[in-house]
Amino acid sequence: MDTRFLINKAIEARKKAYAPYSRHKVGAVAVASDGGLYTGCNIENCVFLGECAERVAIYKALSSGAKKIVKIVVVTGNKKLSPPCGICRQVMREFNPKLEIVVANLQKEFKILTLQDLLPYSFGPDSFRLGQD
Ligand code: THU
């Protein structure tokens, strides 16, 4: 799927961000293996609970029945391209260790990363209980 199209979709999703505390708005779009697109934005809370845009998009996809996410596009307002946080990386790892991650800015500059770049030597479902009695 065209990267520019997906970046535009993530920019649209970012407009719905609820980020009154950090003022750091993020938009995302998760692409499922069947081609389904699921958008997300970050949603903060006055007790400083917060959900990242990536996780909102991934959870929307999974709760809609998607089985695998093949790509996620993330847009922030930072000119410097900003990669996903550690918690999001671990959530991504659960559903596809080979996930492609496109980080982009509002100028539509982008960089393509892989989860392997961002979370090498990771712990995943296949590591769970391995080697235990
Ligand atoms: N945030 C995201 O939505 N995605 C990231 O990858 C990093 C951080 C959000 C969480 C919080 O609402 C705000 O950005 C500042 O951390």
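A colleague questions a modeller about the ligand site and the internal spaces of this structure.

Colleague: What is the basis of the model?
Modeller: The model is predicted: local features need pLDDT of at least 70, side-chain atom pairs count only at pLDDT 80 or more, and totals for chains, interfaces and linings use all residues. Residues are numbered from 1 along each chain as its sequence is written, and side-chain values use heavy atoms, without hydrogens and water.

Colleague: Which residues surround the ligand?
Modeller: Among them are Ser22, His24, Val26, Asn42, Glu44 and Cys52. Ala53, Glu54, Pro83, Pro84 and Cys85 also belong to the shell. A residue is near if one of its heavy atoms lies within 4 Å of the molecule. The shell divides into six nonpolar, three polar and two charged residues.

Colleague: What makes the Glu44 pair a polar contact?
Modeller: A polar contact is a pair of N or O atoms within 3.5 Å. A side-chain N or O atom of Glu44 is 2.5 Å from a ligand oxygen atom, so the pair qualifies. A polar backbone atom of Ala53 is 2.9 Å from an oxygen atom of the ligand. For a backbone N or O atom of Cys85, the distance to a ligand oxygen is 3.3 Å. The protein covers 76% of the 370 Å² of accessible area that the ligand has on its own (Shrake-Rupley method, 1.4 Å probe).

Colleague: Where does the ligand sit?
Modeller: The ligand takes the space of the largest pocket. The test is that more than half of a molecule's atoms lie within 2 Å of the grid points. This pocket holds about 170 Å³ of space.

Colleague: Which residues lie nearest the centre of the largest pocket?
Modeller: His24, Val26, Cys52, Glu54 and Cys85, out of 16 lining residues. The lining divides into eight nonpolar, five polar and three charged.

Colleague: Why is the other space called a cavity?
Modeller: Because a 1.4 Å probe fits there on a 1 Å grid but cannot get out. A pocket is an open set, with protein on both sides within 12 Å along at least five of seven lines. The largest cavity has a volume of about 30 Å³. Its lining is Ile58, Ile69, Met92, Phe95, Asn96 and Leu99, with atoms within 4 Å of a point.

Terms used. A polar contact is a pair of N or O atoms within 3.5 Å; within protein, one must be able to donate a hydrogen and the other to accept it, and residues adjacent in sequence count only if both atoms are side-chain atoms. Ala, Val, Leu, Ile, Met, Phe, Trp, Tyr, Cys and Pro count as nonpolar, Asp, Glu, Lys and Arg as charged, and the others, Gly among them, as polar. Grid points are joined across faces, edges and corners, and a volume is the space filled by probe spheres set on the points.
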